[in-house]
Amino acid sequence: MVTVRHRRRSQSRKQQRYIGKPNGIFQDRVSQVGPNRFAVVAVDCAKRRSKWMLCDFLGRVIIEPTVVEHQSGQLRSMTQTARAAMEAEGIQDSIVGVEVTGIYHRPVLQAFRDADFDTREVHSFASAHFRQTLHPNAKTDDHDLEAIFQATVNGFGLSILPVKEPYLSLQQYVRCRRTLVKQRAKLQTQIRDKLHRTMPGYTELFENGHFFDNRAAIMIAKAYPSAELIRQQGAKAIQQYLKSHKVRVMAKVVDKVIAWSQQAVAPDDCFTSCSDIWMKYVTLHEVISSQITDAERSIASFLAQTPYILLLSVPGINVISAGEMAGEAGPIEHYASAAALNGRAGLFPSRYQSDEVDRRGGVAWSCNRRLRAACILMAHNLIKCHGYYRGRAELMRSKKVATRDIECRIANRANRMAFQLVGGKQVWRGHGVNRDYLLRKLMLFEQSRQTDVSRIASDLTAAAMHLRGAVAQAEARQLPVAPQRRRGSVQSIGELLVPLLIRLGAIDRESLESATSEA
């Protein structure tokens with residue numbers, strides 16, 4: 001007997017569409033209370049003070065533009081004055097539109113949020129557009145307030161979800177590291193320039209440009225800052241000097257330096273001053289490098305507290321690229337879909353359409369540039385180290401696709417993958433590529449940065465909170481329980497990982513007690 005199924009028509013009404021940004025519309029709230037009972041507070045922020053005014057939805061001014069200093073007492077008085085005026089006018093609902101001005105708008109934004117106002121952010125581009133329409137030849141604070149009001153009521157006052165720890169700290173450390181890396185790169189160029197004027201061709205002796213990664217190369221140059229001094233000392237004296245400073249080096253490297261010194265050209269006339277300058281630059285380079293290492297330790301610790309740690313299960317994604325993504329994207333719960341994440345990053349082509357003309361341009365111009373940079377960084381790593389995405393990139397190159405277009409397409413696909421992993425609390429699987437063990441990956445990263453062992457254990461425990469079931473047990477089995485040697489010293493990381501291993505069920509208590517007793 002055949003069972004006949006009758007499909008019921010959806011009883012839900014079609015959702016109304018409004019003009020404006022999705023997170024900036026509030027027309028339904030206005031229709032419920034009426035435009036005369038709905039108020040809008042517009043705030044134009046500056047560094048030390050701001051100017052604000054209160055109007056109803058129709059534009060009737062209730063409180064004229066008023067200056068407020070960025071002090072706790074005056075900000076509290078501003079919110080109380082606005083609340084009292086709304087009660088006197090019979091206002092039943094309201095929103096606050098604050099123009100985004102770098103970081104100087106944050107005290108005002110926080111003051112209204114603490115007073116339980118629905119606070120929105122108005123981008124300066126939106127307010128400038130309305131100001132140029134209203135007052136094209138004059139820019140004043142009062143005109144800016146009118147423009148902020150118009151942008152807010154037209155759906156361009158955007159409600160921004162608050163971001164809490166550890167995403168805020170992760171974002172700051174990621175941006176700090178990025179700035180330090182750029183400064184170190186500029187400093188390396190300056191060191192090479194000055195060093196070439198005193199020791200021409202010395203930096204080219206080391207393969208793949210890894211001069212700054214070779215401790216022996218820098219030690220030799222600082223101790224003997226000329227080809228003549230190197231010739232006078234000889235290979236044996238240089239090896240003894242490095243050995244006394246506990247710097248390991250192969251004999252063929254020293255021989256290569258000696259061979260260079262015998263054929264090196266004469267240095268510039270400003271030999272003394274250039275030598276003094278590049279040695280000072282090297283000292284600054286060492287300080288910046290240590291600060292970068294400290295920032296990377298902090299990035300690993302905060303990343304372990306977020307579900308973005310699951311991205312480490314993808315081959316090709318390391319702690320830095322996952323941390324960049326987590327810091328700039330924020331909580332994955334703020335995105336309705338992967339398309340929303342790609343839209344915020346601007347990973348789609350721009351479009352121009354008018355009548356019969358319809359053409360696509362380059363990549364979207366208006367976007368979150370820092371988020372896009374994090375997505376492109378992740379795409380670079382996947383193209384280089386992940387077999388599936390490397391194959392996709394090679395296929396696009398065979399079709400003569402531009403390099404920038406390839407990066408954006410791979411980043412678009414990678415974001416969809418990242419949205420599923422982070423949002424679904426799952427690890428990588430599929431496309432014929434075995435996943436990486438994220439706990440082991442995190443541990444090796446922190447060991448390479450010489451992180452304290454107790455901190456490694458706490459980070460692994462925090463990362464394990466995002467694992468469950470068989471995945472957690474498989475991850476725990478990849479962690480070493482036996483003591484590890486580091487530079488001649490013995491440190492038992494197994495004892496520190498006892499709570500983690502027991503909780504994950506990788507080993508039982510009896511086997512663990514026997515293993516630690518033998519250690």
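The questions and answers below deal with a predicted model of one protein chain.

Me: How many helices and strands are there in the protein chain?
Reply: The chain has 519 residues, of which 42% are buried. Among the contacts with a separation of 6 or more, 65% are between residues 24 or more positions apart. The secondary structure of the chain comes to 21 helices and 10 strands.

Me: What share of the area that the protein chain exposes do carbon and sulfur atoms supply?
Reply: The chain exposes about 29300 Å². The part of this area supplied by carbon and sulfur atoms is 49%.

Me: Which residues lie closest to the centre of the largest pocket?
Reply: The largest pocket holds about 2600 Å³ of space. Its lining is made of 47 residues. Those closest to the centre are Glu121, Leu158, Ile160, Arg344 and Asn368.

Me: Which helix gives the most to the lining of the largest pocket?
Reply: Several elements supply at least two lining residues each, including strand 5 (119-122), helix 3 (106-114), helix 4 (124-134) and helix 13 (369-385). Helix 11 (319-329), helix 12 (338-345) and helix 6 (167-198) also belong to this group. The top contribution is 5 residues, and it comes from helix 6.

Me: How many residues in the lining of the largest pocket are charged?
Reply: The lining divides by class into nonpolar, polar and charged residues. The nonpolar class has 22 residues and the polar class 15. The charged residues number 10.

Me: Is leucine 180 buried or exposed?
Reply: Leucine 180 is in helix 6. Outside its neighbours up to four places away in sequence, it touches Ile288, Gln291 and Ile292. Its relative accessible area is 11%, and the cut-off for a buried residue is under 20%. Leucine 180 is therefore buried.

Me: How far apart in space are leucine 180 and isoleucine 288, C-alpha to C-alpha?
Reply: Isoleucine 288 is one of the residues that leucine 180 touches. The two are 108 residues apart in sequence. Their C-alpha to C-alpha distance is 6.6 Å.

Me: What separation do the C-alpha atoms of glutamine 291 and leucine 180 have?
Reply: Glutamine 291 lies in helix 10 (residues 271-303), while leucine 180 is in helix 6. Glutamine 291 is partly exposed, at a relative accessible area of 38%. Along the chain the two residues are 111 residues apart. Their C-alpha atoms are separated by 7.8 Å.

Me: Which residues does the aromatic cluster around phenylalanine 206 and phenylalanine 211 link?
Reply: The whole structure has 15 aromatic pairs. Phenylalanine 206 and phenylalanine 211 form a tilted pair, with 5.8 Å between centres and 50° between planes. Both of these phenylalanines are buried. Ring pairs join them into a cluster made of Tyr202, Phe206, Phe211, Phe212 and Trp260.

Me: Which residues is alanine 216 in contact with, leaving aside its neighbours within four places in sequence?
Reply: Alanine 216 lies in helix 7 (residues 215-223). It counts as buried because its relative accessibility is 2%. Methionine 250 is 34 residues away in sequence, at 9.6 Å C-alpha to C-alpha. The contacts of alanine 216 are Leu242, Val247 and Val249.

Me: Which proline does a cis peptide bond join to glutamate 165?
Reply: Most peptide bonds are trans. The bond after glutamate 165 is cis, with omega at about 0°. The proline is in the loop between strand 6 (157-158) and helix 6. It is proline 166.

Me: Is lysine 246 buried or exposed?
Reply: Lysine 246 is in the loop between helix 8 (227-244) and helix 9 (251-263). Its phi is positive, near 60°. With a relative accessible area of 73%, above the 50% cut-off, lysine 246 is exposed.

Me: What value does phi of aspartate 355 have?
Reply: Aspartate 355 is found in the loop between strand 7 (349-354) and strand 8 (357-363). It counts as exposed because its relative accessibility is 70%. Most residues other than glycine have a negative phi. Aspartate 355 has a positive phi, of about 60°.

Me: Which residue just after helix 16 takes a positive phi?
Reply: Helix 16 covers residues 438-448. Its buried residues are Leu438, Leu439, Leu442, Met443, Phe445, Glu446 and Gln447. Just after this helix, a phi of about 55° is taken by glutamine 450.

Terms used. Residues numbered from 1 in each chain as written. Predicted model: local features only at pLDDT ≥ 70, side-chain atom pairs only at ≥ 80, totals over all residues. Heavy atoms only, no water. 1 Å grid on protein atoms, 1.4 Å probe; cavity = no way out; pocket = protein on both sides within 12 Å on 5 of 7 lines; lining within 4 Å. Points joined across faces, edges and corners; volume = space filled by probe spheres on them. Helix = DSSP H or I, 4+ residues; strand = E, 2+ residues; numbered from the N terminus. Nonpolar A, V, L, I, M, F, W, Y, C, P; charged D, E, K, R; others polar. Buried < 20%, exposed > 50% of the residue type's maximum accessible area, 1.4 Å probe, protein only. Contact = heavy atoms within 4.5 Å. Areas by Shrake-Rupley, 256 points an atom, 1.4 Å probe, with all protein chains shown as cover. Phe/Tyr/Trp six-rings, centres within 6.5 Å; stacked < 30°, edge-to-face > 60°.
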